[in-house]
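The following paragraphs lead the reader through one protein chain. They begin with the confidence of the model and then turn to its strands, a helix and its nonpolar cores.

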Amino acid sequence: FLRPPTGMISPTGPTAAAAILTGSAAMTAFKGIHPLIIEGMGAYDPRDPSRVASRVASALKPRLDSRLDGTKPVLLITQGDPLAERGISAITRALATELNVQRGLVVLDAEVADYHTRDADRENTILELKYSELLEYVDEERIEAAVDEALGRKNNDRLGRGEKELARYYKDFAMLQEVTKAASKTLTGEITIAHTQPKEEISEFSVTSFYKVGLDLELYKEEDFV
């Protein structure tokens with residue numbers, strides 16, 4: 001049930017929202033998939049999302065074809081970005097179509113960001129988990145300490161340049177990003193991660209740049225990236 005027939009996309013709107021698995025049902029289903037996580041710029045990304053999705057899909061297909069034996073369907077995991085004409089939300093929509101896969105969603109809890117669940121794009125989404133539901137599968141204190149340390153370095157660099165510190169929400173979304181990947185790897189034993197831009201072009205002051213924290217903590221490995 002995790003993969004639609006070729007050429008079909010799950011319905012959108014209220015009917016699709018009612019069919020999305022949550023809670024224990026979502027967690028059970030999640031354990032049977034191969035998580036594909038795509039990270040990149042938000043709506044400020046000036047690039048054509050269709051072209052970016054095609055390029056990322058071309059890079060992903062050889063890995064997915066060679067490493068998966070068909071027993072675990074690929075599920076593209078998104079992290080609550082609202083739909084926009086450009087950026088990661090538009091790219092992941094297009095990429096899911098290119099790869100003919102469905103999507104899963106991880107969102108921040110309401111007490112962290114009450115708008116996150118409300119505004120998340122749910123097209124072609126079959127399961128949804130909250131950030132708090134993933135915490136029992138990771139060492140939260142260890143990840144948070146490393147994120148805090150990285151955030152402190154970035155803010156010191158910015159202050160040294162005469163710039164403002166990063167907004168407070170950077171920590172929330174950096175934690176969401178790294179907990180999602182760490183828990184995905186723990187729950188399934190595997191993961192594929194791709195960025196929408198070359199690593200050397202990722203801004204040191206972006207949420208995406210916190211992937212270095214996950215690598216340093218060995219939450220996942222370089223070989224998990226495409």
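The term pLDDT denotes the predictor's confidence in each residue, on a scale from 0 to 100. The model shown here is predicted; the chain has a mean pLDDT of 91, and 90% of its residues reach 70 or more. Residues 1–18 call for caution, since pLDDT stays under 50 there. For this stretch the model has 27 contacts beyond four places in sequence. Where pLDDT is low, the predicted coordinates should not be read in detail.

A suitable place to begin is strand β2, which comprises residues 74–78. Five of the five residues of β2 are buried, so this strand is largely enclosed by the rest of the structure. The enclosure concerns both faces: Val74, Leu76 and Thr78 are buried on one side, and Leu75 and Ile77 on the other.

Strand β2 has parallel partners. Strand β1, residues 34–39, is joined to β2 by four bridges, and the two run parallel; here Pro35 has Leu75 as its bridge partner. Strand β3, residues 102–107, is likewise joined to β2 by four bridges and runs parallel to it. In that pairing, the partner of Leu75 is Gln102.

Together, β2, α4 and β3 form a right-handed β-α-β unit. Does the length of helix α4, residues 88–99, agree or disagree with what its twelve residues should span? At 1.5 Å a residue, the expected span is 16 Å, and the end C-alpha atoms are 16 Å apart, which agrees. The buried residues of α4 include Ile88, Ile91, Leu95 and Leu99. Just after the helix, Asn100 adopts a positive phi of about 60°.

The discussion now turns to the nonpolar cores. In soluble globular proteins, nonpolar side chains tend to be buried together. In this model the largest nonpolar core has 45 residues, and Leu134, Ile143 and Val179 are those with the most contacts inside it. The elements giving two or more residues to this core are α2 (23–30), β2 (74–78), β4 (125–130), α6 (131–134), α7 (140–160), α8 (169–188) and α9 (211–216). Helix α8 supplies the largest share, nine residues.

Val179 illustrates how this core is connected. Apart from its neighbours within four places in sequence, Val179 is in contact with Tyr131, Leu134, Leu135, Val138 and Ile143. A second core, separate from the one just described, has 17 residues, among them Ala53, Val56, Leu60 and Val101.

Key
Residues numbered from 1 in each chain as written. Predicted model: local features only at pLDDT ≥ 70, side-chain atom pairs only at ≥ 80, totals over all residues. Heavy atoms only, no water. Contact = heavy atoms within 4.5 Å. Core = buried A, V, L, I, M, F, W, Y, C linked by side-chain atoms within 4.5 Å. Buried < 20%, exposed > 50% of the residue type's maximum accessible area, 1.4 Å probe, protein only. Expected span 1.5 Å × (residues − 1). Pairing = 2+ DSSP bridges. Right-handed = clockwise from strand over helix to strand, strands pointing away.
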